[in-house]
Amino acid sequence: MTAFIFPGQGSQKVGMGVELAEASAHAREVFEEVDDALNQKLSALMKDGPESELTLTSNAQPAIMANSIATLRVLEKEFGVVLADKATCVAGHSLGEYSALCAAGAFGLSETAKLLRLRGIAMQDAVPIGVGAMAALLGADIEKATALAEAAAEGQVCEVANDNDPTQVVISGHAEAIDRAIEMAKEHGIKRGIKLPVSAPFHCSLMEPAAQRMKIALADTAPGSFTVPLFANVTAARVTDPAEEQALLVDQVTGRVRWRESVLAMQEAGVERFVELGGKVLGPMVGRIAKEATTVSLVTMEDLENFAKENG
């Protein structure tokens, strides 16, 4: 049993998708459709940078999705490996949940690009620059991270944002509280805290204004039915009902990305192999969560060709 998984923010880099676009008309079609939907040459930004512009949340989110879907399209159209036939379920990390839904047919490609552009803008606008921050806690499990976040809050927001794997948890909130948490990390038995180069404090209660904007957007562009079940970030549980998923996507803006628990839940449901599309970020995380599972990351044409040979 196989899960197709889709990476989130931080997996973007200049040059992403270029090799696929050069090799496949199907990949080019994806990038062109996203460009048209956003009325922007996002594909040119992905190809040539500058990195500072690609990293902006409103660009990074649709770019990462476009790259994942282009990878999937090439796999399906050029190599005949179809997600609906091969995947038992799908999941994505934060914005990757939208990529997963697009891959499973719940959203069209243009719709997904527009939703992620809005999501990026809404998250950026929710908190003035400099007011919020995020930090990765290395050598932290969820219990240690939660205790540290509570101790560092001191009346401000300091919350667990991403439970990534048994060795890495991300916290989010007011910048001063995140700084305190980094200083206090060793006292809580955590190796160290590293401030992340992000422009807003994602997945914490400070994102409530963004959640409200996404609620309105998702009411206008609701997900349709999906071909395979999805494991949702905020519940780490299987979802098949579009109306339930619509509400969960709103909750996801302020809610914790329960990636570690999601992988364990998929494993418990019988998944033995995890296939990451368009990045090499989630594969290593899965390896630290479910050591006996097989992980495959598909980025290049060679990756896709090799995967197709084994799974055609």
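1. Buried here means under 20% relative accessible area. In helix α13 (residues 259-268), that label goes to W259, R260, S262, V263, A265 and M266. The model is a predicted one, and every point below should be read with that in mind.

2. What follows α13? The helix is followed by G270, whose phi is positive, near 110°. V271 then sits in the loop between α13 and β9 (273-277). V271 has a relative accessible area of 3%, so it is buried.

3. The surroundings of V271 deserve a look. Leaving aside neighbours within four places in sequence, V271 is in contact with M1, T2, A3, C89 and M266. M266 is also one of the buried residues of α13. The pairing with M1 spans 270 residues in sequence, yet the C-alpha to C-alpha distance between V271 and M1 is 4.6 Å.

4. Next, the packing of α13 on helix α14 (residues 282-289). Their axes are 10 Å apart and the angle is about 70°. Angles of 65 to 115 degrees count as roughly perpendicular, and α13 is therefore roughly perpendicular to α14. The crossing of α13 and α14 is right-handed. From α13, the contact uses W259, R260, V263 and L264; from α14, it uses L282, M285, V286 and I289. By class, the residues of this contact are seven nonpolar, no polar and one charged. W259, R260 and V263 are also on the buried list for α13.

5. A second helix pair has another geometry to check. Helix α11 (residues 208-220) and helix α12 (residues 242-254) have axes that come within 8 Å and cross at roughly 160°. An angle over 145 degrees counts as roughly antiparallel, so α11 and α12 are roughly antiparallel to each other. The crossing of α11 and α12 is right-handed. On the α11 side, the contact is made by E208, A210, A211, M214, K215, L218 and A219; on the α12 side, by Q246, L249, V250, V253 and T254. The residues of the α11 contact with α12 fall into eight nonpolar, two polar and two charged.

6. Now the nonpolar cores. Which residues touch the most other members of the largest core? They are F4, L83, V90 and M207, in a core of 78 residues. Helix α5 (residues 57-77) gives the most to this core, with ten residues. Apart from it lies another core of 21 residues, including A153, V169, A181 and M184.

7. V90 merits its own entry. Not counting residues up to four places away in sequence, V90 touches F4, F6, L83, A100, A104, V228, P229, L230 and F231. Two of these partners, F4 and L83, are named with V90 among the residues that touch the most other core members.

8. R238 lies in strand β8 (residues 238-239). Is R238 buried or exposed? Its relative accessibility is 53%, so R238 counts as exposed. Not counting residues up to four places away in sequence, R238 touches P229, L230 and F231. Those three residues also appear among the contacts of V90. R238 and V90 themselves are 148 residues apart in sequence, with 9.4 Å from C-alpha to C-alpha.

9. Finally, helix α7 (residues 96-103). How many of its residues are buried? Eight of eight are, and α7 is described as mostly covered. The buried set is G96, E97, Y98, S99, A100, L101, C102 and A103. Charged E97 is thus listed beside nonpolar residues such as L101. A100 is also one of the contacts of V90. After α7 comes G105, whose phi is positive, near 90°.

Terms used. Residues numbered from 1 in each chain as written. Predicted model: local features only at pLDDT ≥ 70, side-chain atom pairs only at ≥ 80, totals over all residues. Heavy atoms only, no water. Axes fitted to C-alpha atoms, helices over the stretch in contact; angles between N-to-C directions. Helix = DSSP H or I, 4+ residues; strand = E, 2+ residues; numbered from the N terminus. Parallel < 35°, antiparallel > 145°, perpendicular 65-115°, else oblique. Left-handed = near helix turned anticlockwise from the far one by under 90°. Contact = heavy atoms within 4.5 Å. Core = buried A, V, L, I, M, F, W, Y, C linked by side-chain atoms within 4.5 Å. Buried < 20%, exposed > 50% of the residue type's maximum accessible area, 1.4 Å probe, protein only.
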